[in-house]
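This briefing addresses the charged side chains, the ligand site and selected buried residues of the structure shown below. Topics are grouped under short headings.

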Amino acid sequence: MWKRSPGSQDFNPAQYPKIIPFTGYSASDTKKMKTSLAIPVKKIAKSKLPEINFSNLAFGKVISDHMFVADYVNGEWTDLRIEPYASLQLDPANAALHYGQSIFEGMKAYKNEKGEILIFRGDANARRMNESAARMCMPEIPEEIFMEGLLQLVDLDRNWVPTGKGSSLYIRPFMFAMDNYIGVKPSDTYKFIIFTCPVGAYYSKPVNVKVETKWTRATEGGTGAAKTAGNYAASLYPALQAQKAGYDQLLWTDGKSHSKIEESGTMNVMFDINGTLVTAPTHTGTILKGITRDSVLQLAKDWGKPVEERFLTVSELVEAIENGTLKEAFGTGTAATIAHIAKINIEGKDYTMPSKGPEAFSHKVLAELDGIKYGEIEDPHHWIVKI
Ligand code: COI
């Protein structure tokens with residue numbers, strides 16, 4: 001469809017339509033889809049790869065060689081390209097820096113034993129990014145551009161995908177305003193970038209969390225469901241207070257009554273109460289629609305485990321801990337994967353979570369998700385795209 005003319009090195013923005021209908025990717029059509037958009041590539045002069053110690057990867061510190069970039073100008077996405085990862089030049093009046101029109105996504109690619117790269121649910125990330133874009137008054141990024149940019153970038157930097165369970169290539173797509181203007185209004189121009197980083201675990205051990213009943217992450221009508229920079233900025237101060245008190249993360253409660261558990265910092269949260277999986281619903285617009293959350297709920301349903309998407313109150317949680325019906329609590333997220341919760345602080349009192357045997361749901365679901373992501377077991381829901 002939108003191929004460059006053979007031999008041409010020039011990139012013609014007019015080749016790209018404003019909105020491209022997208023029907024979704026599956027492993028079987030990857031090869032066909034990959035050739036549908038010709039993205040010019042400028043390769044790095046000297047790869048940074050030989051300098052990287054893959055046996056000791058801190059999360060998010062090491063960035064791969066290339067990035068995918070597209071610019072939104074005059075109402076359309078133009079100038080799609082892959083180029084060496086490098087600093088950006090920004091005008092001090094850049095609107096994103098002042099008013100926060102900035103959204104992002106997080107997903108991961110894995111390497112199987114044959115050296116194939118498997119990307120987990122990238123199409124779901126593309127859709128969620130467009131939901132964030134709508135809330136933040138930003139343009140949609142057509143799913144085809146999102147997916148093609150992603151697949152071709154990861155293919156080019158495929159040697160950056162680490163091998164071995166627990167390690168992966170974290171993929172960070174993001175979009176931000178590019179107008180240089182100090183008045184408050186939606187920007188007319190934007191930049192969309194994808195870069196990647198080889199990563200190990202985000203949390204290297206079970207986490208201790210504190211139930212937050214003073215500060216608020218999100219309220220109904222706010223931006224809680226959007227993956228937008230400001231939500232994370234607003235969480236920093238309360239999270240820091242919790243960290244100073246010895247906790248890794250917060251368990252956020254609703255902004256109105258502070259009595260209902262919503263999500264944790266960097267992840268959704270789930271509780272196994274007497275065999276039923278309980279997690280906050282997403283209809284209030286205050287919870288991030290986690291893709292790992294959705295995958296875990298799907299697997300639980302596949303296995304016939306009762307699932308309740310409802311708000312668990314803080315007092316119900318205390319009761320379930322005290323009467324022994326709480327079997328386990330864990331976070332779910334792309335970076336966090338399945339993060340076991342070891343301790344919960346509620347209104348100043350620490351509650352230690354029950355110790356789990358290998359039969360715990362969180363262990364089973366983590367093993368199943370890893371099996372799918374590393375291509376070791378069947379992928380019944382077509383979550384994987386292979387490169
Ligand atoms: C993710 O899990 O991908 C996130 O975006 C969480 C965090 C690293 C900000």
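Asp71, Asp79, Arg81, Glu83 and Lys191 are joined in a network of salt bridges. The model is predicted, and it holds 23 salt bridges in total. The points below begin with the salt bridges, then turn to the ligand and to two buried residues.

**Salt-bridge network**

- Within the network that comprises Asp71, Asp79, Arg81, Glu83 and Lys191, the side chains of Asp71 and Arg81 form a salt bridge with an N to O distance of 2.9 Å.
- This pair links distant parts of the chain, with Asp71 in strand E1 (residues 66–73) and Arg81 in strand E2 (residues 76–84), 10 residues apart.
- Asp71 counts as buried because its relative accessibility is 13%, under the 20% cut-off.
- Arg81 is likewise classed as buried, because its relative accessible area is 16%.

**Other salt bridges**

- Glu143 and Arg127 meet through their side chains in a salt bridge of 3.7 Å, N to O.
- The Glu143–Arg127 pair also links distant parts of the chain: Glu143 belongs to helix H4 (residues 143–156) and Arg127 to helix H3 (residues 122–135), 16 residues apart.
- Glu143 is buried, given a relative accessible area of 13%, whereas Arg127 counts as partly exposed at 39% relative accessibility.
- Arg310 forms a salt bridge with Glu316, and the closest N and O atoms of the two are 3.1 Å apart.
- Arg310 counts as partly exposed at 28% relative accessibility, and Glu316 counts as partly exposed at 27%.

**A buried glutamate without a salt bridge**

- Glu262 lies in strand E10, which spans residues 261–264.
- Glu262 is buried but has no salt bridge. The nearest side chain of opposite charge is that of Arg217, 5.5 Å away, and a salt bridge is counted only within 4 Å, so this pair does not qualify.
- Beyond residues up to four places away in sequence, Glu262 touches Ala218, Trp252, Thr253, Asp254, Val269, Ala280, Thr286, Ile287 and Phe311.

**Ligand site**

- The ligand is surrounded by Phe104, Gly106, Tyr170, Arg172, Tyr202, Lys227, Tyr232, Thr334 and Ala335.
- A polar side-chain atom of Tyr170 is 2.5 Å from an oxygen atom of the ligand.
- Backbone N or O atoms also approach ligand oxygen atoms: one of Thr334 at 3.4 Å and one of Ala335 at 2.8 Å.
- The ligand taken alone exposes 280 Å², of which the protein buries 89%.

**Phe174 and its surroundings**

- Phe174 is part of strand E6 (residues 168–177).
- Phe174 counts as buried because its relative accessibility is 17%, under the 20% cut-off.
- Although Phe174 and Ile103 are 71 residues apart along the chain, their C-alpha atoms are separated by 5.6 Å.
- Apart from neighbours within four places in sequence, Phe174 is in contact with Ile103, Phe104, Met129, Lys191, Phe192, Ile193 and Phe195.
- Among these contacts of Phe174 are Phe104 and Lys191; Phe104 is also one of the residues around the ligand, and Lys191 also belongs to the salt-bridge network.

Notes: Residues are numbered from 1 along each chain as its sequence is written. This is a predicted model: local features need pLDDT of at least 70, side-chain atom pairs count only at pLDDT 80 or more; totals for chains, interfaces and linings use all residues. Side-chain values use heavy atoms; hydrogens and water are left out. Helices (H or I, at least four residues) and strands (E, at least two) are DSSP runs, numbered from the N terminus. Buried means under 20% relative accessible area, exposed over 50%, partly exposed in between (1.4 Å probe, protein chains only). Lys and Arg count as positive and Asp and Glu as negative; His and the chain ends are not counted. Contact means heavy atoms within 4.5 Å. A residue is near a molecule or strand if one of its heavy atoms lies within 4 Å of it. A polar contact is a pair of N or O atoms within 3.5 Å; within protein, one must be able to donate a hydrogen and the other to accept it, and residues adjacent in sequence count only if both atoms are side-chain atoms. Accessible areas come from the Shrake-Rupley method with a 1.4 Å probe; for residues, only the protein chains shown count as cover.
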